[in-house]
Amino acid sequence: MASLRARYALAVVGLVVVLGAISVALYLFLIEQRFSLPNTFVQTSMWVLLTFLLLLIGRYMALLWFSYLNHLDGDVPEPSRLPLISILVPAYNEGAVIQGSIRSLLSLDYPRYEVLVIDDGSKDKTYLYARQFEGEHGRATVRVFRKKNGGKSRALNFGIERSQGEFILCMDADSTLAPQTLRKAVRHLVDSPSVGAVAGSVKVVNRTNWLSKLQALEYIEGLNMVRSAQGFFRLVNIIPGPIGLFRRAALESVGGYDHDTFAEDCDLTLKLIARGWQVKYEPGAAARTEAPEGLLDLLKQRYRWTRGILQAIAKHKQRLIDPRAGLGLTFTLWYMIFEGILWPAMNVFGNVLFVFVATKYGAALPLVIWFAQLTVLDLAAALYCVSVEEESMALVPYAIYYRAFFALIVDMAKLFATVEELCKFKMDWGKLDRLGRI
Amino acid sequence: MDVVPYLSAIILISTIATVLLAILSYAAFKLRDKRKPKQAGAAAVFFRRYRCEGAAAATGAGAGEGPSPP
């Protein structure tokens, strides 16, 4: 373990030094050019963009650093006991994937657990397929329920009421779990009564085209690294739908899942934090899930995520200015606004403005330096995250397309969704068609 | 050879193309969503706060009034 930590330390220090050196060199070069900027608008926009770039670098550094510290902190000892865990699998029209999902659950390495499949009024053969697994399977018991369609949060509450475990793992029916998931996650809960939940890591299972490979990188770099950094403060702000292990008492203390947002996982996490529970991250508890393979399906997913997160923030908006419920919640809410609204806006603004200024005033060199800096940052972060998560190095080159293409499209979709949410446009769940890749 | 003009041209074109693609694909997503056949009799699934029976029984109250972390 010591050598592993030393390697991580070396990697992070090396990364910080290299990034710092490249950044300084780029800025010195830029200053030396002594550009004559034609008017106040261009000068101001350049300063705004440089500030944005510095913010970006600072954000990267902070995330990498705290993610690294969380890794050092992650050596939690085995728990004193391994209590019963209930796994809830809410399913609506998941016939293509439900059997693969249940099969993965039957091979988990844990002495005692139950699997509750809740068919939420599916119109396909989900219930029939799930019923084939009902009964005792050695260490695991599978129970299958059917209820009238009412949405994911109601299906999960239905499962919580019927489960018997001291800890409850909520997942998606289009996901599979790594064999060590329960053992790794439960370590954080058994002997730490203030920890209410543990977020696992989510990985893309269907890396079949460039879009799903970009998402595979995004999940590792953009989502898991952020959760890892937040985990250092025990303030993970979204326990992902595909994998979250909860203490039953914590779920009951906040009344289970609410039905008034499209991001029930984010909403529940905020309620837990507001209640004073700590939320940790465990990379060894891994779910592999299907990612959209088409651009429109990706936008559909991000649209729901963005509006759902904004709805969850709106439920707690009074805590933005009133930290009496805990500084953790206030900080988390501001961070979510930053990541959910300000950050995408800055990214789109930065790209469009820079292109405009470069085209109109011929400032080609700053444009190239801007992109070179971002690409170096993305490649370095991708390299670190892929190494830490022991993922395929083949994903690293996708970091180049990530900034130039993927992030811009996703951030623009987030901005559109934000406007629609602020204007209170109607929306529905927007369920994706499953591809049956698990 | 000065590569800066070429690089900047590539960045400019790809950024403009990506912005256009983002706008068009978002419009296509909204259009597809609008044209999707609606389910007859589909009930609204939101806006009723869940009250966990276990917590209510234990504390004599509903959501938000259960036990806190030690």
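1. The buried residues of α2(A) in this predicted model are Met46(A), Leu49(A), Leu53(A), Leu63(A), Leu64(A), Ser67(A), Tyr68(A) and Asn70(A), where buried means that 20 or more other C-beta atoms, placed from the backbone, lie within 10 Å of the residue's own. Helices here are DSSP runs of H or I with at least four residues, strands are runs of E with at least two, and both are numbered from the N terminus. The 34 residues of this helix (residues 40–73 of chain A) should span 50 Å at 1.5 Å a residue, and its end C-alpha atoms are 49 Å apart, which agrees; the expected span is 1.5 Å times one less than the number of residues.

2. On conventions, residues are numbered from 1 along each chain as its sequence is written, and chains are lettered from A and ligands numbered from 1 in the order in which they are written. Because the model is predicted, local features need pLDDT of at least 70 and side-chain atom pairs count only at pLDDT 80 or more, whereas totals for chains, interfaces and linings use all residues.

3. Chain A comes to 14 helices and 9 strands, and 50% of its 438 residues are buried. Its radius of gyration is 23 Å, in agreement with the value near 22 Å for a compact globule of 438 residues (taken over C-alpha atoms; the rule is 2.2 Å times the number of residues to the power 0.38). Chain B, by contrast, has 2 helices and 0 strands, with 14% of its 70 residues counted as buried.

4. An open sheet of 9 strands in chain A has mixed pairing and the order β3-β4-β2-β1-β5-β8-β7-β9-β6, two strands being paired if DSSP finds at least two bridges between them. The edges are β3 (135–137) and β6 (175–177) of chain A, each with a single partner strand, so one side of each is left without a neighbour in the sheet.

5. Within this sheet, β8(A) deserves a closer look. Strand β7 (residues 195–204) of chain A pairs with β8 (residues 244–247) of chain A in the antiparallel sense over 3 bridges, while 4 bridges join β5(A) to β8(A), again antiparallel. Phe246(A) in β8(A) has Ile168(A) opposite it and also Ala197(A), and Ala199(A) stands opposite Gly244(A). Both faces of β8(A) are covered, since Gly244(A) and Phe246(A) on one side and Leu245(A) and Arg247(A) on the other are all buried.

6. The largest nonpolar core has 134 residues, and those with the most contacts inside it are Ile87(A), Val89(A), Val117(A), Ala197(A), Leu245(A) and Ala413(A); such a core is a set of buried Ala, Val, Leu, Ile, Met, Phe, Trp, Tyr and Cys residues joined through C-beta atoms within 7 Å. Helix α13 (residues 364–388) of chain A gives the most to this core, with 14 residues.

7. Leaving aside neighbours within four places in sequence, Ala197(A) is in contact with residues including Ile239(A), Leu245(A), Phe246(A), Leu272(A), Trp277(A) and Val279(A), contact meaning that the two C-beta atoms, placed from the backbone, lie within 7 Å. Among contacts in chain A between residues at least 6 apart in sequence, 84% join residues at least 24 apart.

How values were computed
Buried ≥ 20, exposed ≤ 12 C-beta atoms within 10 Å, placed from the backbone.
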